[in-house]
Amino acid sequence: MLPTRKGSIRLFRLAGIEVFLHWSWFIVAVIAIKLRSGHYASPLFNVFEYLSLFVIVLLHEFGHSLACRSVGGKADQIVLWPLGGVAYVAPPQRPGATLWSIAAGPLVNVGLFPVLWALGWAAGHFGWADLHPDGYRLVQMMALINTVILVFNILPIYPLDGGQILRSLLWFLLGRARSLMIASIIGFVGVALLFALAVFRHSLWTGIMAAFILMNCVQGFRHARLLTVLERLPRRAGFGCPACKASPPLGNFWACSKCRNALDAFVTPGVCPHCGERFPATVCPDCGSSRPVGEWVVAPPPMRA
């Protein structure tokens, strides 16, 4: 559903965050630059325009990553590709932490908005339109690119930032599963509108974007159904996930990495009862984090009289 570092080029590492560029970015960059070849007198400015898109998207994704880290989450990878960028963030499974991690991306664009438009106004005021027409158009386009990125991302369509912000707000009131379910359903409505827009405008790019959003809405809907099932399961007292604090469900919901038999990771902690294989960490079914079983103990089991 999302681009990964596989098939991507590692660009650099900043503040512990590795930035990768997917190979498909180069193909789309060449096409985009050729399509706008008549916009500037010098073709070099077409390259500058596309690179400005690259920089604005990258700043947006760093906003997500740094915000996630500020609330104790994990964020160490960004992948840029033709449909934008993906910051792989894993905030603590709390609505406030998730909300801040998602909202910080568009907030970067909000901060850039007055700066870029003021720069465009200054360029016009000092006569760049006549003296440096290519530079003037580039500054205007940078401001427009940032505005389009901001407006598109805050649309309440899951998994866009706006849809995830809506989901985080609903999480406070409805819980994790129902909030994701509602956000995904609203996302399906948004996808239908995007497909209609793609047909109306004969826009292949809008259609591709709608298809990508649809796939992620389906994934979100399935995850919401799984979370609903998990919420209804009986839970084991005395244990809690070190990351999200959820108690583990009772039952054989884990599998041995060696014999693949289903097991309850908390009956014989750290050891498969079928083959004796030891496993150093246990995955939380609720948030997906992996921690040693010993870190899950939050209270001694109650003593029977």
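In helix 5 of this predicted model, the residues Asp-134, Gly-135, Leu-138, Val-139, Met-141, Ala-143, Ile-145, Asn-146, Thr-147, Ile-149, Leu-150 and Asn-153 are buried (under 20% relative accessible area, with a 1.4 Å probe and protein chains only). These buried residues pack against helix 2, helix 3 (95–125), helix 4 (128–131) and helix 6 (161–174), contact being taken as heavy atoms within 4.5 Å. Helices (H or I, at least four residues) and strands (E, at least two) are DSSP runs, numbered from the N terminus. The length of helix 5 (residues 133–153) also works out nicely: at 1.5 Å a residue its 21 residues should span 30 Å, and the end C-alpha atoms are indeed 30 Å apart; the expected span is 1.5 Å times one less than the number of residues.

Turning to the sheet, 4 strands form an open arrangement in the order 1-2-3-4, with mixed pairing; two strands pair if DSSP finds at least two bridges between them. Strand 1 (8–14) and strand 4 (84–90) are the edges, each pairing on one side only. Strand 2 (residues 17–22) and strand 3 (residues 74–81) run parallel and are joined by 4 bridges; Glu-18 has Gln-77 of strand 3 as its bridge partner.

Two helices pack on this sheet. Helix 1 (residues 24–35) touches strand 1, strand 2 and strand 3, its direction making about 55° with that of strand 2. Helix 2 (residues 44–70) touches strand 1, strand 2, strand 3 and strand 4, and makes about 165° with the direction of strand 3. Axes are lines fitted to C-alpha atoms, for helices over the stretch in contact, and angles run from 0 to 180 degrees between N-to-C directions.

Residues are numbered from 1 along each chain as its sequence is written, and side-chain values use heavy atoms, leaving out hydrogens and water. Local features need pLDDT of at least 70 and side-chain atom pairs count only at pLDDT 80 or more, whereas totals for chains, interfaces and linings use all residues.

Definitions and conventions:
Buried < 20%, exposed > 50% of the residue type's maximum accessible area, 1.4 Å probe, protein only.
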